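Student: I would like a close look at a single part of this model, namely its cysteine pairs. Please set out how they are placed, and then continue to what else can be read from the chain.

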Amino acid sequence: MTKQNCLNKSFKIVPMVVCSLIAMAEVGSARYSCPEGMAQSTVYFVPHIKDYCSSATPCAKFKRQVRMQGSGTLPGNKLLTYTGKTVDLGSCETAFGASGNCLIPYISVAADPRFYSMGDIIDMPALKGKVMTLPNGKTFVHPGYFIVQDTGGAIKGKGRFDFFTGSLSMKDPKNTFGAKGDPELPFLDKDACTNTKRFTVVRRSSFSYQQKLLAIEDALRGSSSSPKVMVASVFGGAK
């Protein structure tokens with residue numbers, strides 16, 4: 001709704017103050033748009049109840065984080081989802097995305113399903129060769145590729161992505177994409193439109209798709225205590 005249309009209807013339907021708020025929202029939305037081919041990014045993680053509650057019973061603080069992040073881990077290798085459902089993690093070390101696969105730190109990304117399919121690869125050349133520390137303390141050299149394995153209610157738009165960092169919160173100094181991470185990779189700030197966020201999309205039908213999946217697998221090899229799960233999560237998007 002444009003400001004003029006809002007004003008035309010305001011006498012019977014919308015108060016003047018609401019018109020002003022709508023106009024401000026439209027301006028703010030435009031201000032956060034990055035150019036074509038440059039990611040508008042945010043970061044999400046999977047919180048653990050022990051970092052928010054004094055007992056094994058989910059407290060209000062933890063539940064708020066679960067609603068914001070999408071899920072959170074519980075004792076007994078369980079996962080609490082934003083819908084309030086508790087599921088068994090099995091051999092997954094993180095959480096499950098909308099694809100049904102186990103999410104991979106610094107590899108899995110949430111995107112708008114109107115523009116991307118589960119398993120599509122987001123190619124970001126500036127990330128290739130960056131050494132990152134995973135939640136389990138191991139390091140790996142980023143291949144420069146991400147896999148679309150999740151969605152999000154606020155993730156709307158062709159270049160809008162939410163990057164998964166495992167159990168590393170925004171304030172964790174080990175989080176490469178966090179507030180104390182690599183200043184050359186401002187993925188936490190969606191208003192930062194930098195060349196490091198330039199990307200292209202590799203569709204599953206692309207000739208080079210399988211080659212890039214193998215590059216992701218090679219980069220992650222030996223970085224997880226459940227390597228078979230990692231591999232399954234990488235290639236699961238190709239189904």
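**Cysteine pairs and their setting**

Tutor: In this predicted model, Cys34 and Cys193 are joined in a disulfide, with 2.0 Å between their sulfur atoms. The torsion about the S-S bond is -85°, and the link of Cys34 and Cys193 is left-handed. This pair connects distant parts of the chain, 159 residues apart. Cys34 belongs to the loop between α2 (16–31) and β1, and Cys193 to the loop between β10 (160–164) and β11 (200–202). The two partners fall into separate accessibility classes. Cys34 has a relative accessible area of 17% and is therefore buried, the limit for that class being under 20%. Cys193 has 32% relative accessibility, so it counts as partly exposed.

The structure holds three disulfides. A disulfide is a covalent bond between the sulfur atoms of two cysteines. Another of these bonds is formed by Cys53 and Cys59, whose sulfur atoms lie 2.1 Å apart. The torsion about the S-S bond of Cys53 and Cys59 is about -85°, which means that this disulfide is left-handed. Cys53 is buried, with a relative accessible area of 10%, whereas Cys59 is partly exposed at 23%.

There is also a disulfide between Cys92 and Cys102, with an S to S distance of 2.1 Å. Here the value about the S-S bond is 80°, and the link of Cys92 and Cys102 is right-handed. Both Cys92 and Cys102 are in the loop between β4 (86–88) and β5 (108–111), 10 residues apart. Cys92 has a relative accessible area of 5% and is buried. Cys102 has 10% relative accessibility, so it counts as buried too.

The loop between β4 and β5 also contains Tyr106. Tyr106 has a positive phi of about 65° although it is not a glycine. Its relative accessibility is 0%, so Tyr106 counts as buried. Asn77 is a further residue other than glycine with a positive phi, near 60°. Asn77 is located in the loop between β2 and β3, and with 35% relative accessibility it counts as partly exposed.

Helix α3 comes next. It spans residues 60–69, and its buried residues are Phe62, Gln65, Val66 and Gln69. Viewed down the axis of α3, these buried residues fall within an arc of 100°, so they line one face of the helix. The elements that cover them include β1 (40–44), β2 (71–74) and β3 (78–81). On the face of α3 turned away from its buried side are the exposed residues Arg67 and Met68. Just after α3, Gly70 adopts a positive phi of about 110°.

The end of this helix leads to the largest pocket. Among the 34 residues that line the largest pocket, those nearest its centre are Tyr44, Met68, Gln69, Gly70 and Ser71. Thus Gln69, one of the buried residues of α3, and Met68, exposed on the face turned away, are both in that central group. The volume of the largest pocket is about 670 Å³. Its lining draws at least two residues from each of β1, α3, β3 and β10. With four residues, α3 gives the most to this lining. By class, the lining of the largest pocket has 17 nonpolar, 12 polar and five charged residues.

The second largest pocket holds about 470 Å³ of space. It is lined by 29 residues, and Val46, Glu93, Thr94, Pro135 and Ser167 lie nearest its centre. To this lining β2 and α5 (227–236) each supply at least two residues. Its composition by class is 14 nonpolar, 11 polar and four charged residues. β2 thus serves in the lining of the second largest pocket and among the elements that cover the buried residues of α3.

To return to the cysteine pairs: the links of Cys34 with Cys193 and of Cys53 with Cys59 are left-handed, while that of Cys92 with Cys102 is right-handed.

Notes. Residues numbered from 1 in each chain as written. Predicted model: local features only at pLDDT ≥ 70, side-chain atom pairs only at ≥ 80, totals over all residues. Heavy atoms only, no water. Buried < 20%, exposed > 50% of the residue type's maximum accessible area, 1.4 Å probe, protein only. Arc of directions from axis to C-beta. Contact = heavy atoms within 4.5 Å. Disulfide = S-S within 2.5 Å. 1 Å grid on protein atoms, 1.4 Å probe; cavity = no way out; pocket = protein on both sides within 12 Å on 5 of 7 lines; lining within 4 Å. Points joined across faces, edges and corners; volume = space filled by probe spheres on them. Nonpolar A, V, L, I, M, F, W, Y, C, P; charged D, E, K, R; others polar.
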